[in-house]
Amino acid sequence: MTDLDLIKQKIDLIDFIGQYLELKKAGANYKALCPFHSEKTPSFMVSAEKQIWRCFGCNIGGDAITFLMKYENLEFYDALKILAQKTGVALKTKSGESSLAQKPDGKIKLYKINELASRAFHQILLKHSSAKIARDYLKKRGLTDQTIQNFQLGFAPKNRAWLTKLLIQRGFTDSEIATAGAPQKFFNRIIFPITDILGNTVGFTGRALTNKMMPKYLNTQETAIFYKSKILYGYHEARQAIKEKKVAILVEGQMDVIMSHQAGVKNIIASSGTALTTEHLKILSRIAPNIILAFDADQAGKKASRQVLALSQNFDFNIKLIRYPKGVKDPGELSKNPENWRKILKNSRYFVEWLLETNLEKIKGDPTIAQKKEIFRQILPELKIIQNPIEKNHWIHFLSIKLQIPEETIALALEKLAAQPLRRAQSQIKTPSETTTKSASSIDLLTGIFLKIPRLAKKYPALYNKLIQGYNKEGLAQLEFLVEKNYEGFADDDLEKEAESLISRLKIKKQEKIKSDFANQIAAAENQGDRKLVKNLLKKLQKKL
Ligand SMILES: [Zn+2]
């Protein structure tokens with residue numbers, strides 16, 4: 001028995017998928033809204049009896065491991081490792097060998113190179129005399145030894161030949177080192193390793209030590225294991241806390257994440273060397289319904305907040321912004337006192353509210369008409385982005401009270417604004433699900449019906465054998481499920497008729513394919529002036545039809 005068989009024996013798929021999706025009983029099966037495409041009525045089904053799942057909208061299905069791989073965006077062995085932990089199955093890997101060694105696709109070396117570089121950078125920061133300046137800097141920022149260890153911070157010294165030498169000594173080639181993102185390009189920088197959701201090091205950010213060094217932050221370029229649009233800094237460390245608190249706090253910088261962790265706020269993450277993307281939001285939407293934006297209290301921070309808000313309209317997040325106390329302008333400063341964080345989070349505001357309050361704060365006494373107009377000018381575009389009508393009406397009502405303007409006036413102003421072209425930020429938004437909806441193929445359906453109705457297999461034995469050759473055991477179980485759902489309520493006779501019609505449709509298709517193949521060959525022969533070949537082909541075609 002393989003590890004996977006053993007694991008699957010120990011997992012009840014209903015319980016397992018129930019941890020991720022809200023399953024509702026539907027006859028002998030369970031259903032849920034599909035996590036892999038956008039939908040309003042559930043087409044994602046789980047069969048308790050067959051222990052398989054299938055989405056009849058995007059026409060994909062599988063078992064526990066395929067679900068986990070797709071849901072968490074994992075490769076096979078990473079998903080296997082997680083399931084093994086959940087079920088207490090000891091994987092039969094050679095002792096001491098990490099599961100990375102099993103990755104079948106040549107990425108192993110890329111992970112190993114980054115891991116090795118990360119450990120070397122960390123050791124240098126801790127011990128090397130040239131790293132004193134970096135150690136002093138981190139101490140001045142208030143980082144403890146424990147924090148430096150938790151985030152495996154490192155230092156890349158001035159001399160950079162050593163890392164290439166070390167990696168080559170360990171058996172890696174120049175080209176492998178380059179493909180892994182060339183970690184030796186960092187020098188004279190404090191190193192922040194970037195990990196994927198499983199905690200594997202996939203790249204680095206290097207922070208300059210002096211103001212003269214440009215750029216201030218240098219990042220590993222994208223590689224086969226490092227996709228900036230999908231990596232959230234600190235996700236591996238924050239995931240559990242985000243799930244428990246149901247809130248993800250989003251900050252701008254890696255240092256912000258680290259400082260906040262140290263202050264005890266652990267449900268916190270940052271994007272790495274890129275603005276937040278739809279992919280990032282997709283990852284977060286699986287673990288938390290609430291996001292709090294703690295971007296810096298400056299123009300850039302405000303702009304970033306706007307962008308996240310525009311992107312998030314395709315998801316069902318509640319998004320709030322924090323309001324910094326006077327004199328504090330980033331999460332790092334906030335973290336000097338853990339109590340600050342708790343107060344601030346409690347006082348977070350929705351964006352419309354936040355804009356209104358930050359504007360009103362600047363005004364002494366009641367706002368003048370000109371000031372009201374200016375506040376309006378800033379808030380209306382944000383109001384327009386909100387697509388949920390309940391939310392929109394709530395804010396119209398809210399503004400009406402706060403600014404003492406009739407709701408109709410606000411609604412009218414919104415309508416006028418709506419007539420203008422959409423802002424760019426909004427038109428760039430992609431839908432959260434790029435999954436295209438496919439319909440089940442006739443071959444799948446036909447094979448499924450053959451499995452359900454044994455007398456068909458007796459009637460067309462050759463066809464039956466040919467059809468089932470294309471599937472493994474799990475594939476065949478999937479097909480039965482597919483047929484049950486696709487032809488719900490069909491009697492065996494109806495199914496048989498459907499099979500006959502599918503067979504004749506497939507025959508017609510096959511004939512058409514033969515004809516068009518011959519037509520192509522004949523045209524080619526005519527082009528070459530090969531009369532004899534044309535004649536032969538025509539003869540052959542007549543025999544076939
Ligand atoms: Zn689906």
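H37 and C58 are both buried, where buried means under 20% relative accessible area, exposed over 50% and partly exposed in between (1.4 Å probe, protein chains only). This is a predicted model, in which local features need pLDDT of at least 70, side-chain atom pairs count only at pLDDT 80 or more, and totals for chains, interfaces and linings use all residues. Residues are numbered from 1 along each chain as its sequence is written, and side-chain values use heavy atoms, with hydrogens and water left out.

The zinc ion is coordinated by C34 (SG), H37 (ND1), C55 (SG) and C58 (SG), at 2.0 to 2.2 Å; donors are N, O and S atoms within 2.8 Å of the metal (3.2 Å for Na, K and Ca). Angles of 102 to 119° between the 4 donor atoms make the arrangement tetrahedral, a term for four donors with all angles between 85 and 135 degrees. Along the chain the donors follow the spacing C-x2-H-x17-C-x2-C. H37 and C58 link distant parts of the chain, 21 residues apart. Their loops lie between these strands, which are DSSP runs (E, at least two residues) numbered from the N terminus:

| Residue | Strand before the loop | Strand after the loop |
|---|---|---|
| H37 | β2 (29-32) | β3 (44-47) |
| C58 | β4 (52-55) | β5 (60-62) |

Elsewhere, T195 is found in strand β7 (residues 189-195). T195 is buried, with a relative accessible area of 15%. Leaving aside residues up to four places away in sequence, T195 touches N200, T201, V202, I231, H236 and E237, contact meaning heavy atoms within 4.5 Å.

Methods. Four donors count as tetrahedral if all angles lie between 85 and 135 degrees; four count as square planar and six as octahedral if opposite donors are over 155 degrees apart and all others between 65 and 115; anything else is irregular. Helices (H or I, at least four residues) and strands (E, at least two) are DSSP runs, numbered from the N terminus.
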